Amino acid sequence: MKAGRKQWVGLAVLVLPVLLISVDLHVLSYALPFISASLAPSGSQLLWIIDIYPFMLAGLLLPMGTLGDRVGRRRLLMAGAAAFGAASAVAAFSPSADMLIVTRALLGVGGATLMPSTLSLIRNMFHDDGRRRVAIAIWTGAFAGGAMLGPLMGGALLEHFWWGSVFLVNLPVMALLLILAPLLLPESRDPRPGRFDLLGVALSLGAILPTIYGIQHIAQDGLGWTPVVAIVAGLAMGAAFVGRQRSMADPMLDVRLFGSRAFTAAIGANTLGVFAMVGSSLFTTQYLQMVMDARPLVAGLYALPSAGMAMLAAGLAPVLVRKVRPGLVVCAGLLVGASGFALLSRLDVTGQSGLLIAGIMLMAGGVTLVLTVSSDLIIATAPPERAGSVAGLSQVATEFGGALGISLLGSIGTAVYRAHLTGAPAPALDTLGGALESARHLPEPAGTALAAAAREAFTQGQHYAMIAAAVALVLMALVAPVMLRAVRQADRPHPRLNHSARHEMH
């Protein structure tokens, strides 16, 4: 059955929460100085304000996707929208850092219900392969566009309003979703869901939360016993989760999917693409604000060309896979993204705005192309009744990719930064922001010298981190066509290869 007007209008409704969640993941970065001035959080509290939202989001994506398969994806989407809107309203007027931490956690819970619900509803609304690819391209374009537009929206709001305004923008979108969802979205669920595996939920949370916690804190504080123990505990819980899923007749996640090289390659490309994109944003936002000395709104404007390129790449993906093997499209996207990182590795302290824009445009376009194709390959493997759990797994891979990008690329940048800034005061050795703050309190010319040295050290760290990201994408580009060779382009069916692809994917 081909999709009609109602399905396409319904897709527009599903894009709303995706765009908003992506914006929310990035809009807070420019608000942190204002939150610090207003609520005076401790260093630990500020860390939790930043981390608790992605932690809760990552930990609950898979259980919420499975829950949607059982109670109904539209019902879960609407419940999540109501929770997300309510938590946003409270967060905007939080009188203390502790209250903001709690409401950010609730936002993570709401977000975890929204993401897998949208992708699994697309799987069940668009049964035709070609139209499903276009729908997922629009979904991916919204997610990538939100990542680029988040800083712009944050900068614009903070130029004119208080920090709570970055949360209040969620309310009209969630209200519109609650009104339109019952009218335009079909309800769908697994007709034979089996028992809800509460122990499996606990094991998945025990695997994901400590692992991401450990990865992020190694990036922020370096190696230490606490993050290492957290990662080991998370991996042990993950092994127990996989063992339990293998033994169950009705698992939360069908781990046999990883026996397919195509599925594994799609998950790997998805994770690596987000790894590179999120890891690079850690550097480019600081470069704009602290090396080029751009105001928040101006820094946000630099994201517009890359947002346009991301949306263009998402729209181009379904056209390309009709003419070229998906493995080759993924390979091309990875190489384009790698070329963007190669350009970003050449940035220096002089503030090369043209090079920066070209680099993030190529990075955003190439990575978005990869995410669009890999997201379709991942969701296409799922039987319609299990779409929620596979959609949840896809988003868990996205969150892990982001955490790894911040950790590994951040660690490379920090190590090089510290190596180039020996002899500086302790706060200056932690971050570029700390160095610039220390420089303001030093007499001249020592303050100017420290600021210049810190900026030079930061750009050196950025250089090596961007090279590492480029190398990672090139290596995946070599592997992807081989692992995805059984998947044919859509408009040139070949009976034997199509049968092979279906066998490989299922």
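These are my notebook entries on one predicted model.

**Ground rules.** I worked from a predicted model, in which local features need pLDDT of at least 70, side-chain atom pairs count only at pLDDT 80 or more, and totals for chains, interfaces and linings use all residues. Residues are numbered from 1 along each chain as its sequence is written, and side-chain values use heavy atoms, with hydrogens and water left out.

**Confidence.** I looked up pLDDT, the predictor's confidence in each residue, from 0 to 100. The chain averages 78, and 84% of the residues score at least 70. Helix α14 (residues 326–344) has the highest confidence in the chain, at 91, and helix α20 (residues 495–505) the lowest, at a mean of 39. Over residues 491–506 the pLDDT stays under 50, and the model has 24 contacts beyond four places in sequence for them. I take a contact to be heavy atoms within 4.5 Å. Where pLDDT is low, the predicted coordinates should not be read in detail.

**The chain as a whole.** I found 20 helices and zero strands. Both are DSSP runs numbered from the N terminus: helices are H or I with at least four residues, strands are E with at least two. Of the 506 residues, 54% are buried. Buried means under 20% relative accessible area, exposed over 50%, and partly exposed in between (1.4 Å probe, protein chains only). Among contacts with a separation of 6 or more, 83% are between residues 24 or more positions apart.

**Helix spans.** I checked two helices against an expected span, which is 1.5 Å times one less than the number of residues. The 19 residues of α14 should span 27 Å at 1.5 Å a residue, and the end C-alpha atoms are 27 Å apart, so the two agree. For the 23 residues of α10 (residues 225–247) the expected span is 33 Å, and the end C-alpha atoms are 33 Å apart, which also agrees.

**Buried faces.** In α10, the buried residues include Pro227, Gly234 and Phe241. In α14, they include Val329, Cys331, Gly337 and Phe341. The buried residues of α14 pack against α11, α13 (304–320), α15 and α19.

**Two single residues.** Is Ser280, in helix α11, buried or exposed? Ser280 has a relative accessible area of 1%, so it is buried. Leaving aside neighbours within four places in sequence, Ser280 is in contact with Phe341, Met363, Leu409 and Met466. Ile179 is in helix α8 (residues 170–184), and it counts as exposed because its relative accessibility is 54%. The C-alpha atoms of Ile179 and Val13 are 10.0 Å apart, with their positions 166 residues apart along the chain.

**A cis bond.** I noted a cis peptide bond joining Glu444 and Pro445, with omega about 5 degrees. Pro445 lies in the loop between α18 (432–440) and α19 (446–483). Most peptide bonds are trans.

**The cavity.** How many cavities of 30 Å³ or more does the whole structure have? The search finds one. A cavity is a set of points, on a 1 Å grid over the protein atoms alone, where a 1.4 Å probe fits but cannot get out; lining residues have an atom within 4 Å of a point. The largest cavity holds about 80 Å³ of space, a volume being the space filled by probe spheres set on the points. Its lining has 10 residues, with Trp139, Phe143, Leu371, Ser375 and Thr398 nearest the centre. The elements giving two or more residues to this lining are α6 (129–160), α11 (261–291), α15 (353–380) and α16 (387–419).

Conventions. 1 Å grid on protein atoms, 1.4 Å probe; cavity = no way out; pocket = protein on both sides within 12 Å on 5 of 7 lines; lining within 4 Å.
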